[in-house]
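Colleague: I should be grateful for a close look at a single part of this structure. Please give the cut-offs behind each term as you go.

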Amino acid sequence: MSSCAKLLTLAAALSAATLSAAQTKASHPEADAQALDIARKSISLRSVAGAGNQTPQVAELYKRALVEGGFAAQNISITPVDDTAYLIARWPGSDASLKPLVLSGHMDVVEAKRADWQRDPFTAVVEQGYLYGRGASDMKLDGAVAIASLIELKRQHYTPRRSIIIEFSGDEETSMKTSAIIAGTLSGADLVLNIDGGGGALDERTGAPLYFTWQGAEKTYADFELAVTNPGGHSSQPKKDNAITQLAAALVHIGNYQFKPELNELTRAYFEAAAKYEEPGLAAAMRAFAANPADRTAIATLSAKPDQVGKIGTTCVVTMITGGHAVNALPQRASANVNCRIFPGHPPAAIMAELQRAAATPGVVFKDVTEGTVPTEASPMRKDFVAAVTEAMAVAYPGVPVFPSMSSGASDSMWFRSKQVPSYGASPTFMKPSDDFSHGLNERVPVANIAPGISYYLLLLRALSK
Ligand SMILES: [Zn+2]
């Protein structure tokens with residue numbers, strides 16, 4: 001696998017070098033300026049769920065830019081849903097028999113309070129190379145770069161053979177209702193590029209690009225309720241069975257339980273490539289685990305790291321507990337929530353059954369109470385996508401390694417993957433780990449991402465739509 005991937009990378013780099021001279025090394029100042037302009041304007045729109053949600057205005061801003069850039073107005077729809085809206089813009093290809101290429105993003109952002117921030121979160125500011133504002137990194141610059149790239153392709157008089165569709169959901173950060181609707185509408189897509197996933201890492205000290213990962217899988221989110229009920233009674237007359245102690249026993253067993261560590265082709269490739277950037281002990285464990293997922297020493301090292309344990313298998317943790325109704329009464333009910341991040345390939349029901357066996361406590365009733373999510377499988381390592389993303393990166397960031405990753409959080413990709421549409425997180429945004437303030441305070445993103453990001457999209461979109 002690894003030598004194969006290396007050959008592929010080399011071949012891709014060579015063919016990209018030829019391509020780049022012809023069409024993509026050229027600068028695109030109009031697109032660069034437009035991306036920053038759209039990003040700034042969209043940050044100033046407070047697209048937060050609830051009263052005063054300006055997500056529909058972000059959709060209007062995007063639509064205006066696309067129409068001025070050459071998209072036919074009748075090919076762009078903005079559909080209101082509750083307090084938000086979603087946008088779907090189509091660029092018809094010359095061969096209507098081909099399934100479309102979809103770019104997927106979102107327009108909404110997480111709430112931000114002025115009092116907590118150094119600057120107004122809804123006024124875009126560029127300072128010392130960073131664009132600041134709520135949504136700067138998640139994902140208003142990404143959205144703007146993708147839109148400016150499509151418009152640049154129009155400017156270059158490009159005609160795709162395969163239709164290109166760009167869509168933005170309006171509630172990715174909350175209910176994902178529009179995300180589910182969009183995936184239903186576009187379930188006939190050939191492939192989805194999620195412009196809100198994947199991305200590159202910058203060296204913490206020098207700021208130089210280190211590596212780029214595309215995201216081909218994410219873990220399935222699940223919540224299970226565990227409940228014990230009991231007729232209860234007066235606390236002066238205790239009985240052997242007690243709802244709280246029974247539940248506690250079950251939770252202790254679950255806390256001690258470890259799901260069988262496992263690998264898939266994505267995580268194997270990830271561990272092999274990412275080991276290079278870790279300290280020697282962790283790097284050795286990553287390589288050993290990639291070679292043998294039953295390696296006990298490697299499992300012990302990786303399991304002890306909160307940022308690694310999720311990559312080697314399913315994890316479940318108790319997140320909430322409640323029980324009893326009076327200080328002087330035997331509890332009639334005790335319940336807890338167990339939150340699981342399921343390794344791709346396992347149905348939630350199977351994980352719940354496994355937890356039930358691990359709990360090994362009679363009288364505990366398990367119930368799947370998961371909301372707003374669907375189980376997803378890993379997307380295959382499709383050769384055309386891997387080659388295209390590797391070639392595009394080789395031009396935008398020459399010499400920077402490209403490899404796959406699996407994320408522990410959920411994104412809009414799950415709605416497509418649950419419909420068997422391959423979906424890949426492929427954002428060209430590079431960040432230092434210490435710069436990642438998405439969802440947090442003083443969110444920011446380096447503006448130096450814009451020009452190479454556009455070069456990348458120009459190549460990637462051409463390659464996947466030709
Ligand atoms: Zn996001």
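Modeller: Both α7 and β16 supply at least two residues of the lining of the largest cavity; helices (H or I, at least four residues) and strands (E, at least two) are DSSP runs numbered from the N terminus. The model is predicted, so local features need pLDDT of at least 70 and side-chain atom pairs count only at pLDDT 80 or more, whereas totals for chains, interfaces and linings use all residues. Residues are numbered from 1 along each chain as its sequence is written, and side-chain values use heavy atoms, with hydrogens and water left out.

The lining consists of T267, Y270, K311, S405 and M406. By class, 2 of these residues are nonpolar, 2 polar and 1 charged (Ala, Val, Leu, Ile, Met, Phe, Trp, Tyr, Cys and Pro are nonpolar; Asp, Glu, Lys and Arg are charged; the others, Gly among them, are polar). The space they surround is about 40 Å³, and the count is 1 cavity of 30 Å³ or more. A cavity here is a set of points on a 1 Å grid over the protein atoms alone where a 1.4 Å probe fits but cannot get out, and lining residues have an atom within 4 Å of a point. Points are joined across faces, edges and corners, and the volume is the space filled by probe spheres set on them.

Two of the lining residues, T267 and Y270, are also among the buried residues of α7 (residues 265-274), which are L266, T267, A269, Y270, F271 and A274. Buried means under 20% relative accessible area, exposed over 50% and partly exposed in between, with a 1.4 Å probe and protein chains only. An α-helix has 3.6 residues a turn, so residues three or four places apart point the same way.

The cover over the buried residues of α7 includes β9 (209-218), α8 (280-291), α10 (306-309) and β16 (402-407), contact being heavy atoms within 4.5 Å. β16 thus appears both in this cover and in the cavity lining. At the N-terminal end of α7, N264 acts as a cap, with a side-chain oxygen 3.1 Å from the backbone nitrogen of L266. L266 is itself one of the buried residues of the helix.

Conventions:
A polar contact is a pair of N or O atoms within 3.5 Å; within protein, one must be able to donate a hydrogen and the other to accept it, and residues adjacent in sequence count only if both atoms are side-chain atoms. On a 1 Å grid over the protein atoms alone, a cavity is a set of points where a 1.4 Å probe fits but cannot get out, and a pocket is an open set with protein on both sides within 12 Å along at least five of seven lines; lining residues have an atom within 4 Å of a point.
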